[in-house]
Amino acid sequence: MCPYRTTLTIVAFTVQGLFCLLGGNRSLNAQPALSFGEASFPAHGDAALRDVAFTDLDRGWAVGDRGMVWRTEDGGKDWFVQQLATTADLTDVFFLDQQFGWIAGGERKPLTHRSQGVLFRTVDGGKTWRPTP
């Protein structure tokens, strides 16, 4: 069990692949990644997670490298991959309310070394994500 309790939502990922999610006197056990005991978190290479956002105690999204987006609807017990049309590193996920949210990130082009940002938005509570021009 996570040794700390707080009313703020805090997510910590470690090099060993452990995470601890705390929020509002409700905590999940810290478990090794890909072997969560009761939780299941699909393996998709070595994409690092960069940000996590929850719209309530059950529904949340985690974003990371190479366009990876994971979704939970049971407070983090089970996670499912949600495909986006990008391979950019996703660094931020934010929800204004239960319906409206954004995922942001960017990528660097290998030959030109130019960077390009990406921004996706949802208006249906994260069921679908559309690129924002």
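**A strand-only chain, starting from Thr86**

T86 is found in the loop between β8 and β9. In this predicted model, T86 has a relative accessibility of 14%, and because the limit for a buried residue is under 20%, T86 counts as buried. Setting aside residues up to four places away in sequence, T86 touches R66, G67, V118 and F120. There is also a polar link just along the chain: a polar atom of the T86 side chain sits 3.0 Å from the backbone nitrogen of A88.

Two of those neighbours lead straight into other parts of the fold. V118, touched by T86, is the bridge partner of G105 in β11. R66, also touched by T86, sits in the turn of the β6–β7 hairpin and has a positive phi of about 55 degrees.

Stepping back, the whole chain is built from strands: the count comes to 0 helices and 12 strands. Read along the sequence, the pattern is simply β-β-β-β-β-β-β-β-β-β-β-β. Of the 133 residues in the protein chain, 33% are buried. The accessible surface comes to about 8200 Å², and 55% of that belongs to carbon and sulfur atoms. As for how the chain folds back on itself, take the contacts between residues at least 6 apart in sequence: 31% of them join residues at least 24 apart.

The hairpin around R66 is worth a look first. β6 covers residues 60–64 and β7 covers residues 69–72, and the two pair in the antiparallel sense over 4 bridges. Between them lie 4 residues. Within this pairing, A62 has W70 in β7 as its bridge partner. W70 also stands opposite V81 in β8. That fits with the next pairing along, in which β7 and β8 (residues 80–81) run antiparallel over 2 bridges.

The loop between β7 and β8 holds K77. K77 is partly exposed, at 41% relative accessibility. Although K77 and D58 are 19 residues apart in sequence, their C-alpha atoms are 9.1 Å apart in space.

Further along, 4 strands form an open, antiparallel sheet in the order β9-β10-β11-β12. Its edge strands are β9 (89–95) and β12 (130–131), each of which pairs on one side only. Inside that order, β10 and β11 (residues 115–122) pair in the antiparallel sense over 8 bridges. The G105–V118 bridge mentioned above reaches into β11, which brings the story back to V118, one of the residues that T86 touches.

W102 belongs to β10, which runs over residues 101–108. With a relative accessible area of 31%, W102 is partly exposed. Patch members need over 30% relative accessible area, so the 31% of W102 clears that cut-off. W102 indeed joins F94, L96, F100, L119 and V123 in a nonpolar surface patch of about 550 Å².

Charged side chains come next. The structure holds 3 salt bridges. In one of them, the side chains of R50 and D65 meet at 3.0 Å, N to O. R50 lies in β5 (residues 49–54) and D65 in the loop between β6 and β7, so this pair ties together parts that are 15 residues apart in sequence. The two partners differ in burial: R50 is partly exposed at 47% relative accessibility, whereas D65 is buried, with a relative accessible area of 13%.

Another salt bridge joins the side chains of E73 and R71, at 2.8 Å from N to O. Here E73 counts as exposed at 52% relative accessibility, because the exposed class begins over 50%. R71 is partly exposed, with a relative accessible area of 22%.

There is also a salt bridge between the side chains of E107 and K109, at 3.6 Å from N to O. E107 is partly exposed at 24% relative accessibility, and K109 falls in the partly exposed class too, at 32%.

Note on methods:
Residues numbered from 1 in each chain as written. Predicted model: local features only at pLDDT ≥ 70, side-chain atom pairs only at ≥ 80, totals over all residues. Heavy atoms only, no water. Patch = residues over 30% accessible without salt bridge, like charges linked within 9 Å, V, L, I, M, F, W, Y side chains within 5 Å. Areas by Shrake-Rupley, 256 points an atom, 1.4 Å probe, with all protein chains shown as cover. Salt bridge = Lys/Arg side-chain N within 4 Å of Asp/Glu carboxyl O. Buried < 20%, exposed > 50% of the residue type's maximum accessible area, 1.4 Å probe, protein only. Pairing = 2+ DSSP bridges. Contact = heavy atoms within 4.5 Å. Polar contact = N/O pair within 3.5 Å; in protein donor to acceptor, adjacent residues only side chain to side chain.
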